[in-house]
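Me: Got a minute to go through this one with me? I'd like to start with the cysteines and then wander around a bit.

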Amino acid sequence: MRLTLIGTGLIGGSAAWAMKNAGVFDAVTACDLSLINAQCAVSRGIADRATTSIAEAMQEADAVMVAVPVLAIPKVFAAIAPYLRPGTPVTDVGSTRTLVITGARQALGEHFVDYAPVHPIAGGEMPGIEYADADLFEGKKAISTPAPGMGEKARDFWEDAWFRSGSLIERMSPEEHDEIFAAVSHLPHVLAYGLVDAMAKTANASKKFSLVGAGFKDFTRIAASSPAMWRDICLANRDAILKSLALFEGEIHDLHKMIARGDADAILEVFERASQARRTVGMRAPSVRKE
């Protein structure tokens, strides 16, 4: 079975590699605007064909995975739609759902029934196919977001593909997905980018960066991620991210006042509450893999 992978970045490359190793696919065509990136997928053993042409990539495609920045996903769906055969499962790995699903519904037309998106909750701070890792998703959650008009056959196919690649499958609505990940993923990336940019604009930025410790490195690690990808996520999930930003801005405002007035008890109360909450992260019972 041949997978056509459109977009050869970290997530798409890792997903194709994991699924190939798991036996979901025995061949992969890598398609990217950059032929160098597509050829890198071939040289690493992820793919066996490389092209910049959608038409060429869709030849013999038994399944299609789109792994490009979210605002570009509907455009890719429109480009592949004329080449899709009935029953060919299509997916994307975008970090936002509502806007992408709306775009998919319009762009894929009658092929929307064969579409089922899954968002893998895994990644790395460095973007690019050269950092792809076939074990990236082992034991990590993958969020399936079924919506009206999507077929069960496509949903089951892609959920099984992620399950066989080591992921723990969880289903939720597109709306719940976007609200949750605005808070736990998108907002942290915005904050990390903002902190590094604020530091970079200071007069002695180089000296500050030369002296950073583990705390700064841990907090800002994700600011090395793909800027284009996260720009698109901010625009695609704008409303939910703005709500999370407003909540955080209120918290920062409160802390600012506590520190300004030297209110040790109030500061300690916030820090203790946050410390206790943070210690529960990763301690909950894991999701059950899809049987």
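**Chat notes**

Reply: Sure, let's start with a cysteine: Cys-234 counts as partly exposed, at 28% relative accessibility. On this scale buried is under 20% relative accessible area, exposed is over 50%, and partly exposed is in between (1.4 Å probe, protein chains only). Ground rules: this is a predicted model, where local features need pLDDT of at least 70 and side-chain atom pairs count only at pLDDT 80 or more, while totals for chains, interfaces and linings use all residues. Residues are numbered from 1 along each chain as its sequence is written, and side-chain values use heavy atoms, with hydrogens and water left out.

Me: And Cys-31, buried or exposed?

Reply: Cys-31 is buried, with a relative accessible area of 3%.

Me: How many disulfides turn up in the whole structure?

Reply: Zero, from a search of the whole structure. A disulfide here is a pair of cysteine sulfur atoms within 2.5 Å.

Me: Why no bond for Cys-31?

Reply: Because the closest cysteine sulfur, in Cys-40, is 15 Å from the sulfur of Cys-31, and that is too far for a bond.

Me: OK, what about strand β2, how many of its residues are buried?

Reply: Five of five, so β2 (residues 27–31) is mostly covered. Strands (E, at least two residues) and helices (H or I, at least four) are DSSP runs, numbered from the N terminus.

Me: Which way do the β2 residues point?

Reply: Ala-27, Thr-29 and Cys-31 point one way, Val-28 and Ala-30 the other, and all are buried. In a regular strand, side chains alternate between the two faces of the sheet.

Me: In what sense does β2 pair with β1?

Reply: Parallel, over five bridges. Two strands pair if DSSP finds at least two bridges between them. Leu-5 has Ala-30 in β2 as its bridge partner.

Me: Where's Thr-8?

Reply: Thr-8 sits in the loop between β1 (2–6) and α1 (10–21), and it is buried, with a relative accessible area of 3%. Its side chain makes a polar contact with the side chain of Asp-32 at 2.8 Å. That term means a pair of N or O atoms within 3.5 Å; within protein, one must be able to donate a hydrogen and the other to accept it, and residues adjacent in sequence count only if both atoms are side-chain atoms.

Me: What else is Thr-8 in contact with?

Reply: Leaving aside neighbours within four places in sequence, its contacts (heavy atoms within 4.5 Å) include Cys-31, Asn-37 and Ile-129.

Me: Switching topic: what order do the strands take in the open sheet of three?

Reply: The order is β6-β7-β8, with mixed pairing. β6 (118–120) and β8 (168–171) stand at the edges with a single partner strand each, so one side of each has no neighbour in the sheet. β6 and β7 (residues 141–144) run antiparallel, joined by three bridges, and Pro-120 has Ala-142 in β7 as its bridge partner.

Me: Last one: at what angle do α7 and α11 pack?

Reply: About 65°, with the axes of α7 (residues 174–200) and α11 (residues 238–260) 8 Å apart. Axes are lines fitted to C-alpha atoms, for helices over the stretch in contact, and angles run from 0 to 180 degrees between N-to-C directions. Among the residues that meet there are His-186 and Leu-187 in α7, and Leu-245 and Phe-248 in α11.
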